[in-house]
Structures are given as C-alpha cells and as structure tokens.
Amino acid sequence: MVKLARFPVLAGLVTGLVAGLVTGLAAVSTAPAQASGARAFNPLTLDGHVVKWGAPELGTPAHVTYAFAVGPVANINARNCRAMDALDGLAAAAGVGLARLRGEARAAFRLWEAASGITFEEVTSVGEADIVIGSQSAPRGFAFTNVRHAGEVLRPALIVSGGARGLGKPGSGAREAQDAVAAPRVSRITEAAVCLNPAHMWKVGFDGDLGTYDLRYTFAHEIGHAIGLDHHIQDPSIMHFKYSEKFQGLQPGDVAGVKWLYGSRK
Ligand SMILES: [Zn+2]
C-alpha cells in the first residue's frame, strides 16, 4: 500500500515520497488537486491519502522518534534515501562539525514541535526511530525525504468515488464532494528518512549564497515532508521547493499546515 511520488512527480512503484529543495526554476509543484487554493499549505498525499504520524485523524497529536544514522542504513524499498551513511563526512566537509549539524537538525524539529501537537524524541537506535536522518550513499540533488505510510483509511463513508457520486439525490454530488474535501482520507505514516547530499557544501546561517544551503532551513523543509506536508509555492513558506534566505522560521502557512495535521500545541 505504499507508493511513490516525487517532485517533479514521477509515477512510482514503491514507497513513500518525496522531495528535496531545488534551486532551479524548472520544477513545478504538482500540488494535489484537493489542496484548495484557500490553504496556505499543501498536505502531502500518497495514494490518495493525506498522511500523518499518529492516529489517522486530522488535528490529532503524535509522538515521533528520530535518530541520526551512525553507519550504513539500507532502505531497500525506498525511492529516496535508499542507502544512507553517517553524517560525519558531510559535517566535516561543511566545516561545521557533527555536533553542530545535529544541533541544527534538533532545532529544525523544534520549529515544528513548537507550532503544533507533534512532539519529537531523539533516540540512539536507528532501528527504533520513526525518522532516520543520514547522508546519501549515492549523492544526488540536495536533500530528499522518503515517506512510507500504512494505507489506512479513515471514515471511508465520506469518500466520494466516481461510481458513488451519482447515487444520491439530485444535487447531492456537490455536497458529497464538499464532505470529501472536508474529510480527506488519512493514512498513518509508518516511517520516514531524510538524507542530505554529502557532495554539496552545507552551512550554518545565511550569507546570501543560495548555492550553499543552510542546514537548519534544509532540515526544517525536509522534516516538513516527513511529517506530511508537500511543497507550497503560492506564499512565503519553508515548504517552497526553492531554497531562499528570506526567513529562518516557519511561515504562517507552514504553521497552519502542521496544526491542520496535528492540532495546536497543548
Ligand atoms: Zn521539498
């Protein structure tokens, strides 16, 4: 029940999704059709499901663990981050040190945590972690996230299928469609991986060089994918696919998105 999507979207066969920041102009977000124009965020949809950690019900909290790869990690069925290694080499090449790199990742997790009902816990064992962060064994792009989901469906009665739409009373199709938008199918994320390209240079902080990405910004963007958000290009957003150095934290749409998925912080 897992499938792949990427940006730009590829029809895939295996697992979860996703995407990295890109600097180019060519990539066009193929936002899910269900993401209404009124939203300042786009939920990540896989196999027609909105995906989130925890209960497959929108606006409910989740507790998610993460770990840093400390050696080779194989993610065989993944489209992205299929093979990862420890981040030592990437950190050394960037001249920031492993401890500081990890600190930037932790800070990125805290951005999302502070804005919503999702909480994160760092664990040492990759095997026990929900999200694994590592360095790409086969470098490409800048950074990617892979998301796998369970394929569970919540409240299927509200889902409008093509065949069912015409069965109601006259005019009910539109109403059913509204309900479907209001209550999309939700599937539980079961695992995710975030991987950075060690062949690129990385940095801590902004300096105007848009060819070298800030680690915290990049982690925040990729973690956004790992918790169920897709690219959003209509507004300033950390989920815009294009790297920028115009802001360092979550933007209003990012906050709205994570709250839509996980509710407000208690
Ligand atoms: Zn992305």
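# Close-up views of the predicted model

**View 1. Lysine K203 and glutamate E245 are each buried.** Here, buried denotes a relative accessible area under 20%, exposed over 50%, and partly exposed anything in between, using a 1.4 Å probe and protein chains only. The model is predicted, so local features require pLDDT of at least 70 and side-chain atom pairs pLDDT 80 or more, whereas totals for chains, interfaces and linings use all residues. Residues are numbered from 1 along each chain as its sequence is written, and side-chain values rest on heavy atoms, without hydrogens or water. A salt bridge (a side-chain nitrogen of Lys or Arg within 4 Å of a carboxyl oxygen of Asp or Glu) joins K203 to E245, with the closest N and O atoms 2.7 Å apart. K203 belongs to strand β12 (residues 202–203) and E245 to the loop between α4 and α5, so this pair ties together parts that are 42 residues apart in sequence. Shared partners among the salt bridges unite K203, D207 and E245 in one network. Between K203 and D207, the N to O distance is 2.3 Å. The relative accessibility of K203 is 9%, which makes this residue buried, whereas D207 is exposed at 53%.

**View 2. A salt bridge connects E122 and R106.** Their closest N and O atoms are 2.5 Å apart. E122 lies in strand β8 and R106 in helix α2, 16 residues apart, and the pair thereby links distant parts of the chain. Helices (H or I, at least four residues) and strands (E, at least two) are DSSP runs numbered from the N terminus. Both partners are partly exposed: E122 has a relative accessible area of 31%, and R106 is at 27%. In total, the structure contains five salt bridges.

**View 3. Helix α2 spans residues 98–115.** Its end C-alpha atoms are 26 Å apart, in agreement with the 26 Å expected for 18 residues at 1.5 Å a residue, the expected span being 1.5 Å times one less than the number of residues. Among its buried residues are L101, E104, F109, W112 and E113. Elements covering the buried residues of α2 include β5 (62–68), α1 (88–94), β9 (131–136) and α5 (252–262). Beyond its neighbours within four places in sequence, W112 is in contact (heavy atoms within 4.5 Å) with residues including F120, I223, L229, M239 and V258. W112 is also among the members touching the most others in the largest nonpolar core, which has 50 residues. Such a core is a set of buried Ala, Val, Leu, Ile, Met, Phe, Trp, Tyr and Cys residues joined through side-chain atoms within 4.5 Å.

**View 4. One disulfide is present, formed by C81 and C195.** A disulfide is a pair of cysteine sulfur atoms within 2.5 Å; here the sulfur atoms are 2.2 Å apart. The link is left-handed, with -80° about the S-S bond. C81 sits in the loop between β6 (73–74) and β7 (83–85), and C195 in strand β11 (residues 186–196), 114 residues away along the chain. Both cysteines are buried, C81 with a relative accessible area of 6% and C195 with 1%.

**View 5. Three histidines supply the protein donors of the zinc ion.** The NE2 atoms of H221, H225 and H231 lie 2.0 to 2.1 Å from the zinc ion, with the spacing H-x3-H-x5-H along the chain. Donors are N, O and S atoms within 2.8 Å of the metal (3.2 Å for Na, K and Ca); water is not among the atoms, so sites may look incomplete. H225 and H231 are buried.
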